[in-house]
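Me: I'm new to this one and would love a friendly walk through it. Could we look at it together, one question at a time?

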Amino acid sequence: MSGWVAFSEIIRNVALTVAAIVGAILAWRQLSPAALQARSANLQADLARRAHVTELFNRAVGQLRDPNLEVRLAAIYVLREVARDFPDLSNPVFELLQAYLRAGNIDYGDDEPPIDIREIMNILRGRLGEPDAQI
């Protein structure tokens, strides 16, 4: 009698193990498309955010030469935030700001440069890690 009990326990344990394996395989097959869909949704959201940032960057570049000071300042601040939020875009932003300063080629003498130029210099000082930067 104890032989039958031992045999039935073995059969029961094998059946439970097979059922658990089949259940795990079925659950994995159900989760796999959902996980793929979630990854795809994350990728689409990242691409949409990237396209939005690219649009902000392009618009800000166009506004740097605007005659209105407030528009130029807004463009400078947008570029600063793009450089902060997207480290892979920080080098192009800083190179653009440096080129903007070089292209101006204006000697202010003893006078203070305009606020937009001072803000660009503050942003670039912050990039260089100078302690007096006001970023």
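Reply: Happy to! Please keep in mind that this is a predicted model. Let's begin with the largest nonpolar core, which has 17 residues.

Me: Which residues of that core touch the most other members?

Reply: A nonpolar core is a set of buried nonpolar residues joined through side-chain atoms within 4.5 Å. Among the 17 residues here, the ones that touch the most other members are L64, L79, V93, L97 and I120.

Me: Which helix gives the most to this core?

Reply: Helices α1, α2 (69–85), α3 and α4 (115–128) each supply at least two of its residues. The most come from one helix, with 5 residues, and that helix is α2.

Me: Which residues does L97 touch, leaving out those up to four places away in sequence?

Reply: L97 is one of the core residues that touch the most other members. Once residues up to four places away in sequence are set aside, L97 touches L79, I120, I123 and L124.

Me: How are α2 and α4 oriented to each other?

Reply: These two helices pack with their axes 9 Å apart, at an angle of about 10°. Angles under 35 degrees count as roughly parallel. So α2 and α4 are roughly parallel to each other.

Me: How many residues of the contact of α2 with α4 are charged?

Reply: On the α2 side the contact is made by L69, R72, L73, I76, Y77 and R80, and on the α4 side by I115, D116, E119, I120 and I123. By class, 7 of these residues are nonpolar and no residue is polar, while the number charged is 4.

Me: What about α1 and α3: how are they oriented to each other?

Reply: Helix α1 covers residues 2–63 and helix α3 covers residues 87–104. Their axes are 12 Å apart and the packing angle is about 5°. An angle under 35 degrees counts as roughly parallel, so α1 and α3 are roughly parallel to each other.

Me: How many residues of the contact of α1 with α3 are nonpolar?

Reply: Helix α1 contributes R50, V53, F57 and V61, and helix α3 contributes D88, L89, V93 and L96. The contact has 2 charged residues and no polar ones, and the nonpolar count is 6.

Me: Is A83 buried or exposed?

Reply: A83 lies in helix α2. Leaving out residues up to four places away in sequence, A83 touches S90, V93 and F94. Buried means under 20% relative accessible area; A83 has 8% relative accessibility, so A83 counts as buried.

Me: And S90, which residues is it in contact with beyond its neighbours within four places in sequence?

Reply: S90 is found in helix α3. At 9% relative accessibility, S90 counts as buried. Beyond those sequence neighbours, S90 is in contact with A83 and R127.

Me: Which residues form the aromatic pair?

Reply: The structure holds 1 aromatic pair. Its two residues both lie in helix α1, 3 residues apart, about one turn of the helix. The rings are edge-to-face, 6.3 Å centre to centre with 85° between the planes, and the pair is W4 and F7.

Me: Is W4 buried or exposed?

Reply: Its partner F7 is partly exposed, with a relative accessible area of 47%. Exposed means over 50%. W4 has a relative accessible area of 64%, so W4 is exposed.

Terms used. Residues are numbered from 1 along each chain as its sequence is written. This is a predicted model: local features need pLDDT of at least 70, side-chain atom pairs count only at pLDDT 80 or more; totals for chains, interfaces and linings use all residues. Side-chain values use heavy atoms; hydrogens and water are left out. Axes are lines fitted to C-alpha atoms, for helices over the stretch in contact, and angles run from 0 to 180 degrees between N-to-C directions. Helices (H or I, at least four residues) and strands (E, at least two) are DSSP runs, numbered from the N terminus. Angles under 35 degrees count as roughly parallel, over 145 as roughly antiparallel, 65 to 115 as roughly perpendicular and the rest as oblique. Contact means heavy atoms within 4.5 Å. Ala, Val, Leu, Ile, Met, Phe, Trp, Tyr, Cys and Pro count as nonpolar, Asp, Glu, Lys and Arg as charged, and the others, Gly among them, as polar. Buried means under 20% relative accessible area, exposed over 50%, partly exposed in between (1.4 Å probe, protein chains only). Rings of Phe, Tyr and Trp (its six-membered ring) pair if their centres lie within 6.5 Å; planes under 30 degrees apart count as stacked, over 60 as edge-to-face and the rest as tilted.
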